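I opened this model today to see how its parts fit together. These are my notes, in the order I looked things up.

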Amino acid sequence: MAFIPSRIKKHDTNPGEAKLNLNSMMDMFTIILLFLLKTYSTEGQLISPSRYLELPTSTIQQHPEVGLDLVVSKNLILVNDEPVADMEQVRENDPKTIANGIITPLFEKLRYYATQAKKIETEYGVKFSGKITIQGDKDLNYADLVKVMRTCGASDYPNMRLVVYRKE
Amino acid sequence: MAYRPSFRRTHEEGEAEPNLTPIMNLMVVLIPLLLTSAEYIKIGVIELNLPPAAGPAQVEQQRPQEKTRTLDLTVSITDKGFYISSAIAVLRPGDGKGPSVPLMADGSYDFEKLSRMLLDVKRKAEGKFPDIEAITIQAEPGVHYQTLVSTMDAARSVRVDGQLFVLFPQVALSAGII
């Protein structure tokens, strides 16, 4: 006679330890991880685009650098998120705001930041580079842009960086 | 009575499974970390360096240098199109009138043609002038910032038949026609 199957084992419905199959999940995670690692930039986001404006797009591949943050939106000029001048007055060459093609309130604010930075340079040796990042709205007029840039140049910030969206 | 069948022959050896828990831990931590720091909007910058505000003494020092012959390439953006001028020639369209690169039929600027004309200038001027990388852009007061940025793009480099030619990457802005 052949081997008799065990009667006890026949009724044993407990399949033992339930095992989760992790293979497909591991595959997925590995792919996501590789993708993220590839797109990861070590610099992080140095400039967060302001929500008051739409930046122009450009084919340039240069990456942003740290600098004083200047935003020229449709209605306001902001330095470090602090409103400085009204665009309406800048556009209309209001004598209270504009003098010799220079935006006076912006000039004073930038001078203040420049003197602060220079003080830090003499005290702690952090070099003052005169870098300023300009975020301008894409519909900004050239005449107003020139006013802003002239003001930057006059107030010890000659190294301007125009912030744009990169298009591939 | 028969023998009991061999245990080794009828039972498969259980697969040795590696312990995946530490790897899973790593993934669960790394993926949210990378996701939060991922850069979705690509941001770039266009560098524009003005000479630092110069006093009268520095201006004196710079004067002798002006004797060398320079290209002085200038692109003017107007509401009719682009005007290109340089030490070689002022570029004109076929009939000798109007802008070097007129607007396209739908009223938008013809950046491709501008690039091609600047490439011609570059080829003609190559090696003859010291300021072969420099270009001055000026514009009418009402020209939009996007147009200016696109003009800078057109003047920086051009892709012809899949080959990239560097044109004039050193851009200077001029207050120009105001």
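**Strands in chain B.** I began with strand S5 (residues 134-139) of chain B and found 5 bridges joining it to S8(B). The two strands run parallel. For one pairing I looked at Thr136(B), and its bridge partner in S8(B) is Ala172(B). I should jot down here that this is a predicted model.

**Faces of S8(B).** Next I went along strand S8 (residues 170-174) of chain B to see where the side chains go, and they alternate. Val171(B) and Leu173(B) point to one face and are buried. Gln170(B), Ala172(B) and Ser174(B) point to the other face and are not buried. So the strand residue that pairs with Thr136(B) belongs to the face that is not buried.**The core.** Which residues have the most contacts inside the largest nonpolar core? I got Ile134(A), Leu162(A), Ile137(B), Leu148(B) and Ala155(B), in a core of 55 residues. I picked Ala155(B) for a closer look. Leaving out residues up to four places away in sequence, Ala155(B) touches Val75(B), Leu118(B), Ile135(B), Leu167(B), Phe168(B) and Val171(B). Val171(B) was already in my notes as one of the buried residues of S8(B).

**Where the chains meet.** Then I turned to the two chains together. I noted 40 residues of chain B in contact with 49 residues of chain A. On the chain B side, the elements giving two or more residues are helix H2 (21-37), strand S1 (43-49) and helix H5 (145-156). S1(B) gives the most, with 7 residues. By class, that side of chain B has 28 nonpolar, 6 polar and 6 charged residues.

What does S1(B) pair with across the chains? I found strand S8 (residues 159-166) of chain A, joined to S1(B) by 7 bridges and running antiparallel to it. At one spot along the pair, Val164(A) stands opposite Gly44(B).

**A loop in chain A.** Last, I checked the loop between strand S3 (76-79) and strand S4 (82-86) of chain A, where Asn80(A) is found. Asp81(A) lies in that loop too. Asn80(A) has phi near 50 degrees, a positive value in a residue other than glycine. Asp81(A) is not a glycine either, and its phi is positive at about 65 degrees.

Are these two buried or exposed? Asn80(A) counts as exposed because it has 11 C-beta neighbours inside 10 Å, and the cut-off for exposed is 12 or fewer. Asp81(A) has 9 such neighbours inside 10 Å, so Asp81(A) counts as exposed as well.

Note on methods
Residues are numbered from 1 along each chain as its sequence is written. Chains are lettered from A and ligands numbered from 1 in the order in which they are written. This is a predicted model: local features need pLDDT of at least 70, side-chain atom pairs count only at pLDDT 80 or more; totals for chains, interfaces and linings use all residues. Two residues are in contact if their C-beta atoms, placed from the backbone, lie within 7 Å. Helices (H or I, at least four residues) and strands (E, at least two) are DSSP runs, numbered from the N terminus. Ala, Val, Leu, Ile, Met, Phe, Trp, Tyr, Cys and Pro count as nonpolar, Asp, Glu, Lys and Arg as charged, and the others, Gly among them, as polar. Two strands pair if DSSP finds at least two bridges between them. A residue is buried if 20 or more other C-beta atoms lie within 10 Å of its own, exposed if 12 or fewer, and partly exposed in between; C-beta atoms are placed from the backbone. A nonpolar core is a set of buried Ala, Val, Leu, Ile, Met, Phe, Trp, Tyr and Cys residues joined through C-beta atoms within 7 Å.
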